[in-house]
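Please work through the exercises below with the sequence and coordinates at hand. Each task is followed by a solution in steps.

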Amino acid sequence: MAAKRKPDSQVPAEESDQLLIRPLGAGQEVGRSCIMLEFKGKKIMLDIGIHPGHSGMDALPYVDWIEADEIDLLLVSHFHLDHSGALPWFLLKTTFKGRCFMTHATKAIYRWLLSDYIKVSNIATEQMLYTETDLEASMDKIETINFHEEKEVNGIKFWCYNAGHVLGAAMFMLEIAGVKVLYTGDFSRQEDRHLMAAEIPNVRPDVLITESTYGTNIHERREEREARFTGLVHDIVNRGGRCLIPVFALGRAQELLLILDEYWSNHPELHDIPIYYASSLAKKCMAVYQTYINAMNDRIRRQIAINNPFVFKHISNLKGIDQFEDVGPCVIMASPGMMQSGLSRELFESWCTDSKNGVIIAGYCVEGTLAKHILSEPEEITTMSGQKLPLKLSVDYISFSAHTDYQQTSEFIRALKPPHVVLVHGEQNEMGRLKAAIIREYEDDPDVQIEVHNPRNTQAIELYFRGEKMAKVMGSLAMHPPKEGLQLSGILVKRNFNYHILASSDLPKYTDMLMSTVTQRQSVYYSGAHGTLHYYLSQLSDDLELFEYQEKNAMRIFKAVTIIEEPNMVTLEWNASPINDMYADTILNVILQAENMDNPPKSVPVAMKLDRTHFKECLVEMLIDMFGDEAVNKVVKGERATVIVDGKKATINVLNLEVTCEDDEQLQQMVQTAVTKLHQSLYPVSLKTKT
């Protein structure tokens, strides 16, 4: 669970518990969606759109708040301009070096939709963010992802779910160090004529970043909406008027084409009235839709077996206004959807002074666009050339924009119950109303704690997540099942946000690392007798081995350090490790002490060879003399002799001369003293004169 606290500026970014969510666009506005996530030293950008109400650099998100070359990952939710419109500029004209992903259908449609945007943009060439050549070059930098396919980039795991909304639209689930964030992009939980409803993920996110386009509004039922739409179109053409439906080349256009083609088929009296799909990309667009039939709903997939629903009987393609003969009632669907420029704007200006004509706004309109302006029913409009024209044609608004309404959003949040909800992609007032409604919905529910945030552009939301670090044992260390109290020794390896404990020998197998051995050598001046040095070193350890090394006398002590004897010098050699280094320091200290002795001994003690059988016999006889025949077991089993006095048992270890007696400390000390004196008397230290 996230907790609020002051960040520790001393903590490295990859170890920090702070999750930062900052909208660079779509913060208390609709348009130029761009959300930045920063967590554990990773930076992710979600969408990079343009604002339909602005042009040139003004349409971009607030990208000056970030360093493009620091971004690890860019995910694009769908092809609409307010989510992908700045992508060619960002990929080609900034220092971005990360990876960019979108679904297959989104990539295919993005190519043609942005091509259409370039053609209809009514701005000078030098103000254009990118050219057709830039758009083509950006395709090579975009990677694709399938729905439910998990990918990983620099420790960031991510996968996507179907979002409804438009063909190829995706909701992205990200996981960084165990913290899950779901970004919905634009989504719809209502199935329409060709798209399935958005999925509800089976994984509960810690943070939900969701659109709030329609705030607390409730959509009318699909059937009622379609009937109202076809009724309005019928009325306009019946009165001898031209019906303009501004749409973007791809997206809602295909839904409306399906509705109109079916309606015309069911009304023979309308067969003489033409319907035009006016887009220079009409054929390419429909080819893309026919390619991705399997990404649509069951209704379309069943129908395709009989006939292709996207091969329309009553709809003709219209590449441009020069091919259009304006001779009577007709229906034209033309891009762009918000009539900032292009064919839809030209037709609107041509028809707006005739009251028989009508325009039907079929999608969400962003502030600052002509489509939004005419919904307020002004008396006149300003043309692209600056001329004032009276607005006499009918203006109707029917939302076919496949965004969630309050009911869908509420049900989605209730299904996921995320601890944090971050609202984006909504006008300030709508977003505020939705935030208040969600808070009211859960304020009396003790079982659900949901915190709702609605940041404005560039305002960061700071959340803190402290996860438990768990290390997985791998390789040879994992060969045997763990036992309680067992101490495990290995190397802790951190890779991205995963921890593993490995034996050093397994490092090359499971990682890119190699084991190296550092051999240390140190030469020390020593002028004393080597026999003296042997003696002092034997006092350090019984484990002293004498051997020849490259025709020189040498010793190995502690099975780790080799001491090579040379004239007036000894050389120490060992493999570096904390323990071996400690051994070497101790040996060096002994050598220096031996060299600096004021009166070095003229002879060194030499230990006699121990006859263990003889020692055991003498030990038994001594114990009988001390405690009596009945107290001593005359057979020494293994390397242990025993004596029992007044029911108290003392055990003598013949190998190390240790005596144990749990019941009587005095008996233990008495026997210990006797054993030590026996050993000293049998194997006294003799002196050997140095030669």
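The exercises that follow concern a predicted model.

**Exercise 1. Determine whether the end-to-end distance of helix α6 agrees with its expected span, and state how many of its residues are buried or not.**

Solution. Helix α6 comprises the 14 residues 252-265. The expected span is 1.5 Å times one less than the number of residues. For α6 this gives 20 Å, and the end C-alpha atoms are 20 Å apart, so the two values agree. Turning to burial, the cut-off is a relative accessible area under 20%. Twelve of the 14 residues of α6 are buried. Among them are the charged-type names Arg 252, Glu 255 and Asp 261, as well as Leu 256, Ile 259 and Trp 264.

**Exercise 2. Establish which residues of helix α14 are buried, and how they are arranged about its axis.**

Solution. In α14, residues 530-540, the buried residues are Thr 532, Leu 533 and Leu 537. Viewed down the helix axis, the buried residues of α14 fall within an arc of 130°, so they line one face of the helix. The general background is that an α-helix has 3.6 residues a turn, so residues three or four places apart point the same way.

**Exercise 3. Classify the environment of His 83 as buried or exposed, and list its contacts.**

Solution. His 83 is located in helix α1, residues 81-84. Its relative accessibility is 1%, and because buried means under 20%, His 83 counts as buried. Leaving aside neighbours within four places in sequence, the contacts of His 83 include Ser 33, Asp 47, His 78, Tyr 183, Asp 186 and His 425.

**Exercise 4. Describe the seven-stranded sheet and the helices that pack on it.**

Solution. The open sheet has the order β7-β8-β9-β10-β11-β20-β21, with mixed pairing. Its edge strands are β7 and β21, each of which pairs on one side only. From one strand to the next, the twist averages 20°. At one edge, β7 and β8 pair in the antiparallel sense over three bridges, and Val 153 stands opposite Ile 156 in β8. Helix α11, residues 406-416, lies across β9, β10, β11 and β20, running at about 170° to β11. Helix α12, residues 428-442, touches β11, β20 and β21, and its direction makes about 160° with that of β20.

**Exercise 5. Locate the backbone features at Asn 154, Ala 177 and Pro 336.**

Solution. Asn 154 is not a glycine, yet its phi is positive, about 50°. Asn 154 lies in the loop between β7 and β8, and is partly exposed, at 41% relative accessible area. Ala 177 likewise has a positive phi, near 50°; its loop connects β9 and β10. With 30% relative accessibility, Ala 177 is partly exposed. Finally, a cis peptide bond, with omega about 0°, joins Ser 335 and Pro 336, and Pro 336 belongs to the loop between β15 and α9.

**Exercise 6. Classify the ring pairs Tyr 117 with Tyr 130 and Tyr 214 with Tyr 364.**

Solution. There are eleven aromatic pairs. The rings of Tyr 117 and Tyr 130 have centres 6.4 Å apart and planes at 50°, so this pair is tilted. Both of these residues, Tyr 117 and Tyr 130, are buried. For Tyr 214 and Tyr 364 the centres are 5.7 Å apart and the planes at 80°, so the pair is edge-to-face. This second pair ties together parts that are 150 residues apart in sequence.

Note on methods:
Residues are numbered from 1 along each chain as its sequence is written. This is a predicted model: local features need pLDDT of at least 70, side-chain atom pairs count only at pLDDT 80 or more; totals for chains, interfaces and linings use all residues. Side-chain values use heavy atoms; hydrogens and water are left out. Helices (H or I, at least four residues) and strands (E, at least two) are DSSP runs, numbered from the N terminus. Buried means under 20% relative accessible area, exposed over 50%, partly exposed in between (1.4 Å probe, protein chains only). Contact means heavy atoms within 4.5 Å. The arc is that of the directions from the helix axis to the C-beta atoms. Two strands pair if DSSP finds at least two bridges between them. Axes are lines fitted to C-alpha atoms, for helices over the stretch in contact, and angles run from 0 to 180 degrees between N-to-C directions. Rings of Phe, Tyr and Trp (its six-membered ring) pair if their centres lie within 6.5 Å; planes under 30 degrees apart count as stacked, over 60 as edge-to-face and the rest as tilted.
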